[in-house]
Every structure is written in structure tokens, then in C-alpha cells.
Amino acid sequence: MPLLTMKELLEAGVHFGHRTRKWNPKMAPYIYMERKGIHIIDLTKTLEMFERAYLFVREQAAQGKDVLFVGTKRQVQTIVEEEAKRCGAHYVNRRWIGGTLTNFEVIRRRILHMLELERNFAEGKYERLPIKERLKLEKELSHLRRNFDGLRNMDRLPGVVFVIDPTVEVHAVREANIMKIPIVAICDTDADPDLIDYPIPGNDDAIKSTRLITARIADAILEGREGLELPVRPPEEVEMPRPEMIAVDEEQLMEMMEKLEEKE
């Protein structure tokens with residue numbers, strides 16, 4: 001059974017790229033055509049690149065490595081949190097704090113301080129403090145939770161960083177590259193795939209599209225943690241299955257897209 005099907009990708013609108021004036025020429029190999037001023041992503045390439053990314057994430061999870069989900073755009077914040085919690089991954093869905101990867105020891109100390117504040121509040125240690133001081137601590141805790149709640153259990157650097165829209169999450173991508181942490185990312189037609197180890201060409205703005213791919217990456221983590229015996233090989237040597245090819249000519253593809261647009 002394929003990990004993703006052409007039908008699922010079409011229904012989720014994964015093929016819709018950005019307007020042609022916003023494109024990055026480095027994404028040209030993943031673009032199928034231009035239609036009404038919008039680039040259409042080649043979904044056969046998406047299937048191929050997704051399966052490559054899926055197998056890599058599954059293998060890393062099987063080796064016990066942590067995965068960090070990053071997506072701070074408003075429309076993907078809930079998706080990132082829900083899917084990361086479902087598969088036991090860490091996540092950043094509000095604001096990327098500089099040094100999260102490159103200065104992790106300092107970030108970890110802030111996380112431990114947050115956990116200590118939570119414990120002290122739960123044990124009632126601050127009940128006898130003046131109201132002004134207690135409110136100050138509550139405000140501090142709220143701020144820390146907003147920034148670090150998704151990292152509360154991250155006691156080491158992740159083995160993989162999964163990013164939704166690397167053009168927005170430029171700081172996360174830069175830090176992961178500096179720390180040589182492999183990046184898996186949904187790359188729209190305005191992205192630079194050279195910065196990403198495992199790019200997945202696709203619509204990184206639509207909720208259906210980002211939810212579909214993020215959920216399948218979460219499935220890869222869950223599958224890897226189920227104790228699958230996977231061969232430990234360098235990522236570039238992993239033999240990737242060829243995606244299921246569907247014979248769809250340009251006219252048929254345009255008809256399918258028009259039907260989907262009518263439904264929306």
C-alpha cells in the first residue's frame with residue numbers, strides 16, 4: 001500500500017504552488033506547469049521525495065533519535081502541536097527562539113526554570129508571597145510556556161528537524177544547518193531546496209496540504225518507534241521504492257483541478 005496516493009495529494013491541494021513571480025528557480029525540477037499565473041507542482045516528484053523523507057524519518061525514529069517539528073505560521077500552529085504530541089515529538093509553533101539549537105544549553109536552562117516554576121506553583125510554594133510578586137511569577141511562567149512548552153521534554157538536540165515552510169522558518173533552518181542536523185521540509189515553489197536535506201515539494205500554506213504531509217511524517221515516527229528492525233545505513237544509500245505512477249495527461253490534470261476548485 002503506498003504511503004500517499006495521487007488522489008490524496010490532489011484532494012488536499014498539494015499541487016498548488018505560489019504565483020509565478022514569487023518562484024525560486026531552484027524549484028524548477030519540481031514544477032509541472034504554469035496555470036493562470038500559478039505554478040503547479042509535479043506530484044510524481046512529490047510522491048518520490050515524500051517516500052524518501054518518510055523512510056529516513058522512520059529509520060531515525062527506530063534508532064531512538066528525537067524529531068523536532070517547526071511551524072509558526074498561524075494556519076499550521078494547531079497542526080504542528082497536535083501531530084507532534086500524537087507521535088511524541090518536540091515542537092515549536094509560536095516563535096523560534098534564537099539559539100534553540102546552536103545554544104541549546106542556555107535554552108535548556110530556561111526550560112528547567114519553567115518546569116521548576118510549574119512545580120512550585122503546583123506545590124503551593126508561592127501562596128504566601130505578596131500578590132504583586134506572585135503575579136510577576138505567573139506572568140513569567142506564561143511567557144516561558146508560550147516559548148518553550150513544546151520543548152519541555154527535549155533534553156538533547158534532535159536527530160531530525162521537520163519544517164513547514166523553510167522560507168518562513170529561516171532561523172530554524174540556519175541553526176539546523178550549522179549543527180548539521182538533517183532537515184525534512186515541505187517546500188513550496190518559493191523555497192530553496194538546497195538548504196534542505198529531504199525536501200518535499202508541496203503547498204505549504206493550505207491547511208489540508210500541510211495536515212496531510214505532517215500527519216504522515218508523524219506516522220513515520222510512530223512506525224519507527226514500534227521497534228521495526230531497519231538496516232542502519234547512510235541516508236544516501238537507502239534504496240527508495242519508486243512511487244506508483246498514474247498516467248495522467250495535461251488535459252486530465254486540468255479537469256481534475258477544475259473540479260477540485262469548484263468544490264472549494
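## A walk through the model, starting at helix 2

Start by selecting residues 43-62, which form helix 2. Its 20 residues should span 28 Å at 1.5 Å a residue, and the end C-alpha atoms are 28 Å apart, so expectation and model agree. (The expected span is 1.5 Å times one less than the number of residues; helices are DSSP runs of H or I with at least four residues, strands are runs of E with at least two, and both are numbered from the N terminus.) Now colour helix 2 by burial: 15 of its 20 residues are buried, so the helix is largely enclosed by the rest of the structure. Buried means under 20% relative accessible area, exposed means over 50%, and partly exposed is in between, with a 1.4 Å probe and protein chains only. Just after helix 2, click on G64, which has a positive phi near 85°.

A word on what you're looking at: this is a predicted model, in which local features need pLDDT of at least 70, side-chain atom pairs count only at pLDDT 80 or more, and totals for chains, interfaces and linings use all residues. Residues are numbered from 1 along each chain as its sequence is written, and side-chain values use heavy atoms, with hydrogens and water left out.

**Zoom out**

Show the whole protein as a cartoon and you should find 8 helices and 8 strands. Of the 264 residues, 48% are buried. Count contacts (heavy atoms within 4.5 Å) with a separation of 6 or more, and 68% of them involve residues 24 or more positions apart. Switch on the surface: it comes to about 14000 Å², 49% of it belonging to carbon and sulfur atoms. Those areas come from the Shrake-Rupley method with a 1.4 Å probe; for residues, only the protein chains shown count as cover.

Next, colour by pLDDT, the predictor's confidence in each residue, from 0 to 100. The mean is 88, and 85% of residues reach 70 or more. Select 228-248, though, and the pLDDT is below 50; this stretch still has 34 contacts in the model beyond near neighbours in sequence. Where pLDDT is low, the predicted coordinates should not be read in detail.

**Helix 7 and its charged partners**

Now pick helix 7, residues 207-225. Its 19 residues should span 27 Å at 1.5 Å a residue, and the end C-alpha atoms are 27 Å apart, which agrees. Its buried residues include L212, I213, A215, I217 and G224.

Show E8 and R216 as sticks: they form a salt bridge, with the closest N and O atoms 2.8 Å apart. This pair links helix 1 (residues 6-12) to helix 7 across 208 residues. (A salt bridge is a side-chain nitrogen of Lys or Arg within 4 Å of a carboxyl oxygen of Asp or Glu; by this rule there are 16.) E8 is partly exposed at 26% relative accessibility, while R216 counts as buried at 18%. Around E8, leaving out residues up to four places away in sequence, you'll find L3, L212 and R216 touching it. Try a distance from E8 to S209 too: their C-alpha atoms are separated by 9.3 Å, though the two are 201 residues apart along the chain.

Stay on helix 7 for R211, whose side chain meets that of E82 in a salt bridge (3.4 Å, N to O). E82 is in helix 3, 129 residues from R211. R211 is partly exposed at 33%, as is E82 at 41%.

Then go to K73 and D204, another salt bridge, at 3.8 Å between the closest N and O atoms. K73 lies in the loop between strand 4 (67-70) and helix 3 (77-87) and D204 in the loop between strand 8 (198-201) and helix 7, so the pair ties together parts 131 residues apart in sequence. Both K73 and D204 are buried. Add D165 and D205 to the selection: salt bridges with shared partners join K73, D165, D204 and D205 into one network.

**Last stops: the outside**

Select L157, I178 and M179 for a nonpolar surface patch of about 230 Å². Patches use residues with over 30% relative accessible area and no salt bridge; like charges are joined within 9 Å, nonpolar side chains (Val, Leu, Ile, Met, Phe, Trp, Tyr) within 5 Å. L157 lies in the loop between helix 5 (131-148) and strand 6 (160-164) and is partly exposed at 31%.

Which residue in the loop between helix 6 (170-178) and strand 7 (183-187) should you click? Go for K180, a non-glycine with a positive phi near 55° and exposed at 73% relative accessibility. Finish at K36, in the loop between strand 2 (31-35) and strand 3 (38-41). K36 is not a glycine either, yet has a positive phi of about 50°, and counts as exposed at 67%.
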